[in-house]
Amino acid sequence: MNLGLRLELVLFILFFSLRVCLPYFITVDAHAEECFFDNVQNGTKLGLTFEVIEGGFLDVDVRVNGPDQEEIIKRERESNGKVTFAAAKTGTYTYCFSNKMSTMTPKGVMFSMEIGEPQQLTKEEGESHSTKLTDMIKELSSALVGVKHEQEYMEVRDKIHRKINESTNSRVVMWSFFEAVVLVAMTIGQVYYLKRFFEVRRVV
């Protein structure tokens with residue numbers, strides 16, 4: 001296999017080996033559930049990565065159902081996570097984020113769905129070397145996508161922690177200001193009381 005053909009094969013596989021969805025940002029209202037669907041073939045590798053970025057205790061319920069509505073994965077009150085599984089049947093798979101446990105607080109969720117290529121059941125003769133190279137590049141592509149997602153979620157976590165720190169700092173500043181006002185008011189009150197007390201003593 002010449003260099004040009006190998007380069008074309010590498011570019012082709014990197015582009016088509018893994019269809020990666022960009023991260024989605026959704027808001028799940030209180031007592032509500034948001035669901036998304038993927039129609040895949042048997043043997044396809046599926047992945048779901050999610051992070052609750054705002055609202056309440058930063059938790060949601062996550063559920064994944066198969067084509068026959070059988071429950072494949074169920075997680076309750078999760079703040080973040082990653083699930084990976086292979087489709088056992090051809091059909092529509094459902095991903096649901098539930099906020100039914102919340103009474104009034106909506107939750108902001110960032111998530112992404114990964115869909116790999118179906119497993120190849122047959123191989124053409126004389127293509128064993130190309131198939132091996134294809135598998136290696138698919139693994140590399142999947143690893144690069146994983147690194148990209150980790151970077152995205154680290155950025156989200158950094159924003160969440162920065163927001164928490166800023167909120168805590170503003171509360172500390174407000175509380176310190178309140179204490180200062182109370183201290184000044186008590187000082188003025190004590191001075192006024194002592195002044196009135198000595199004025200009464202002089203009159204007597």
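**Strand pairing and the core**

Biologist: Which residue in strand 9 is the bridge partner of Thr-27?

Modeller: In this predicted model, Gly-108 is the bridge partner of Thr-27.

Biologist: What makes strand 2 and strand 9 a pair?

Modeller: Pairing needs at least two bridges. Strand 2 and strand 9 have five, in the antiparallel sense, so they count as a pair.

Biologist: How do you know that strand 4 pairs with strand 9?

Modeller: By the cut-off of at least two bridges; eight join these antiparallel strands. Within strand 9, Val-109 stands opposite Val-52.

Biologist: Why is strand 9 called largely enclosed?

Modeller: Buried means under 20% relative accessible area. In strand 9, 10 of the 10 residues are buried, so the rest of the structure largely encloses this strand. Both faces are covered, with Lys-107, Val-109, Phe-111, Met-113 and Ile-115 on one side and Gly-108, Met-110, Ser-112, Glu-114 and Gly-116 on the other.

Biologist: Which residues touch the most other members of the largest nonpolar core?

Modeller: Among its 21 residues, these are Leu-46, Leu-48, Phe-85, Tyr-95, Phe-97, Val-109 and Phe-111. Strands 2, 4, 5, 7, 8 and 9 each supply at least two residues of this core.

Biologist: What is Tyr-95 paired with or in contact with?

Modeller: Tyr-95, in strand 8, is the bridge partner of Phe-36. Beyond four places in sequence, the contacts of Tyr-95 include Leu-46, Leu-48, Phe-85 and Met-113.

Biologist: Why are strand 3 and strand 6 said to stand at the edges?

Modeller: The open sheet has the order 3-8-5-6, with antiparallel pairing. Strand 3 and strand 6 each have a single partner strand, so one side of each lacks a neighbour in the sheet.

Notes
Residues are numbered from 1 along each chain as its sequence is written. This is a predicted model: local features need pLDDT of at least 70, side-chain atom pairs count only at pLDDT 80 or more; totals for chains, interfaces and linings use all residues. Side-chain values use heavy atoms; hydrogens and water are left out. A nonpolar core is a set of buried Ala, Val, Leu, Ile, Met, Phe, Trp, Tyr and Cys residues joined through side-chain atoms within 4.5 Å. Buried means under 20% relative accessible area, exposed over 50%, partly exposed in between (1.4 Å probe, protein chains only). Helices (H or I, at least four residues) and strands (E, at least two) are DSSP runs, numbered from the N terminus. Contact means heavy atoms within 4.5 Å.
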